[in-house]
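Let's take a walk through this protein chain together. Have the sequence and the 3D view open, and follow along piece by piece.

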Amino acid sequence: MNCNDFPLQSLISGSWFKLICGASFQHVPSIRSLVIAYGLEGADCIDVAAEPAVVAAAQEGLAACERLTIAKKSHQNSQNYPQQNQQNYPHHNQQQDDRWRKPWLMVSVNDGEDPHFRTARFDPKRCPADCPRPCERVCPTGAIALNSAAPGVNEPLCYGCGRCLSVCPHGYIDAVTYQRSPQDLPDLVLDLGIDALEIHTHVGHYQQFQTLWRSVRPYLPNLKLVAVSCPRHPEAISYLGDLWDWVAKDVRRAGCAWLWQADGKPMSGDQGQKATDPALAYGEDLLKTNLPGFIQLAGGTNQTTADKLRQRGLMGKIAGVAYGGYGRSQLKPVLDQLERREQQCNQTLTLESQTDLLHQGRAIARNLIAPLKGSVPPHSPAVLTPIPLNQSL
């Protein structure tokens, strides 16, 4: 692997930012916009479901980032980028655009039943007319709308958080889990141009993990990073140690980077002050082990995570943070506005075609990314100073 690869340098410096677009069913049109906003602001990795349509949407977003970068650089050159043109590009910085690097594209797969790979489902015809519909109120994405033209669960909007399951007073809502076949991995990795693979597992899934790993093994040389995500559990550290014993030779032979995702509070999307604490505690537990590889937080990560890492002296020790439901929810008002404009003009619009929305989206993404990248001005590239790689292979 190229040690100068920008995402790898972010892992080494402890400034790694990953956007989780959702491992389960997703609203594909929004993926492209999420990738553009976070990609232009310095995201190191984009994590999407292992579905060709979703991967294609993410790749379209990355291609749009490249076009925007080239177009603005061309405009600078043709106009000699005079100072007064700052008013036309208020969020633009020449140095960052020159330094923009494509983030790694990651797909997530699971070795068995996993809440990250499910969607809610129920028959709305069974719902009593006088039901207070608590499912609608608790759904963070608006995927449940019983008064809509297509009542029930809008699967592309559902990311499987499970909040509706427990509040249904009649128990009518079920979770449908899906699993990508190991036989599909060659097409995903080789044909779709994936840079990184994340395997979701659970304590007790050792045999299932081994089965999936056998299908992954031949394609490791094509990957820049492999990650393992396991929810917090009293036996998680021991389980991860067993997994490392199984994969160590393969990973070292392939030369790809390895990452442990400390999933403290899976699927929460919570914004509370304490929501991120389980992930931090999990990360600290992993730091106490001698497991090789980088450590990244996930699950309950929100606007407080970077500050808490810094307060606990974990910046640079923890390689970075993944933001899923929280990162997506921050951009939802912008995406909703884009959708309303589409309805008004009755045509498909791209985020980059709506300059004001693009600027708003980038500002939101920047506010989440900048604290991880250190004390850097908005739109400046992070200063990546390598630290001793005591967490790498």
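**A guided tour of the chain**

Of the contacts in the chain that join residues at least 6 apart in sequence, 80% link residues at least 24 apart. Keep in mind that what you're looking at is a predicted model. The chain has 393 residues, and 53% of them count as buried. Its secondary structure adds up to 13 helices and 10 strands.

Let's begin with the strands. Eight of them form a closed barrel with parallel pairing, and the order around it is 1-2-3-6-7-8-9-10. Going from one strand to the next, the twist averages 25°. You can pick out one of the joins where strand 3 (residues 104–110) pairs with strand 6 (residues 196–200): the two run in the parallel sense and share five bridges. At that join, asparagine 110 has histidine 200 of strand 6 as its bridge partner. Helix 8 (residues 206–216) packs on the sheet here, touching strand 3, strand 6, strand 7 (225–231) and strand 8. The direction of helix 8 makes about 165° with that of strand 6.

Now move along to strand 9. How many of the residues of strand 9 (residues 294–298) are buried? Five of its five are, so the strand is mostly covered. In a regular strand, side chains alternate between the two faces of the sheet. For strand 9, that puts Phe294, Gln296 and Ala298 on one side and Ile295 and Leu297 on the other, and both faces are covered.

Strand 9 also has a partner on each side in the barrel order. With strand 8 (residues 257–263), strand 9 pairs in the parallel sense over five bridges, and alanine 262 stands opposite leucine 297. With strand 10 (residues 320–323), the pairing is again in the parallel sense, over two bridges. Leucine 297 turns up here too, with valine 321 as its bridge partner in strand 10. To get from strand 9 to strand 10, follow helix 11 (residues 305–311): the three elements make a right-handed β-α-β unit.

While you're looking at strand 10, hop over to the start of the sequence. Serine 13 is found in helix 1 (residues 6–13). Is serine 13 buried or exposed? Its relative accessibility is 15%, and a residue under 20% counts as buried, so serine 13 is buried. Along the sequence, serine 13 and glycine 320 are 307 residues apart, yet their C-alpha atoms are 8.9 Å apart in space.

Next, have a look at how some of the helices pack. Helix 2 (residues 28–40) is a good one to follow, with two helix partners to visit. The axes of helix 2 and helix 13 come within 8 Å and cross at roughly 60°, so the two helices are oblique to each other. Their crossing is right-handed. On the helix 2 side, Ile36, Ala37, Tyr38 and Leu40 take part, and they meet Leu358, Gly361, Arg362, Ala365, Leu368 and Ile369 of helix 13.

The other partner is helix 12. Here the packing angle is about 115°, with the axes 10 Å apart, and helix 2 passes helix 12 in a right-handed crossing. Ser30, Ser33, Leu34, Ala37 and Tyr38 of helix 2 make this contact with Gly327, Arg328, Gln330, Leu331, Leu335 and Leu338 of helix 12. Ala37 and Tyr38 appear in the contact with helix 13 and in the one with helix 12.

Finally, let's visit a few loops. Tyrosine 172 lies between helix 6 (163–167) and strand 5 (174–177). Which residues does tyrosine 172 contact, leaving aside its neighbours within four places in sequence? They are Arg121, Phe122, Arg126, Cys127 and Pro128. Arginine 121 is 51 residues away along the chain, with 8.6 Å between the C-alpha atoms.

Two other loop residues have a backbone quirk. Most residues other than glycine have a negative phi. Arginine 133, though not a glycine, has a positive phi of about 55°. Arginine 133 sits in the loop between strand 4 (118–121) and helix 5 (134–138), and at 22% relative accessibility it counts as partly exposed. Asparagine 346 also has a positive phi of about 55° without being a glycine. You'll find asparagine 346 in the loop between helix 12 (325–345) and helix 13 (355–373), where it is exposed, with a relative accessible area of 69%.

Methods: Residues numbered from 1 in each chain as written. Predicted model: local features only at pLDDT ≥ 70, side-chain atom pairs only at ≥ 80, totals over all residues. Heavy atoms only, no water. Helix = DSSP H or I, 4+ residues; strand = E, 2+ residues; numbered from the N terminus. Buried < 20%, exposed > 50% of the residue type's maximum accessible area, 1.4 Å probe, protein only. Pairing = 2+ DSSP bridges. Right-handed = clockwise from strand over helix to strand, strands pointing away. Axes fitted to C-alpha atoms, helices over the stretch in contact; angles between N-to-C directions. Parallel < 35°, antiparallel > 145°, perpendicular 65-115°, else oblique. Left-handed = near helix turned anticlockwise from the far one by under 90°. Contact = heavy atoms within 4.5 Å.
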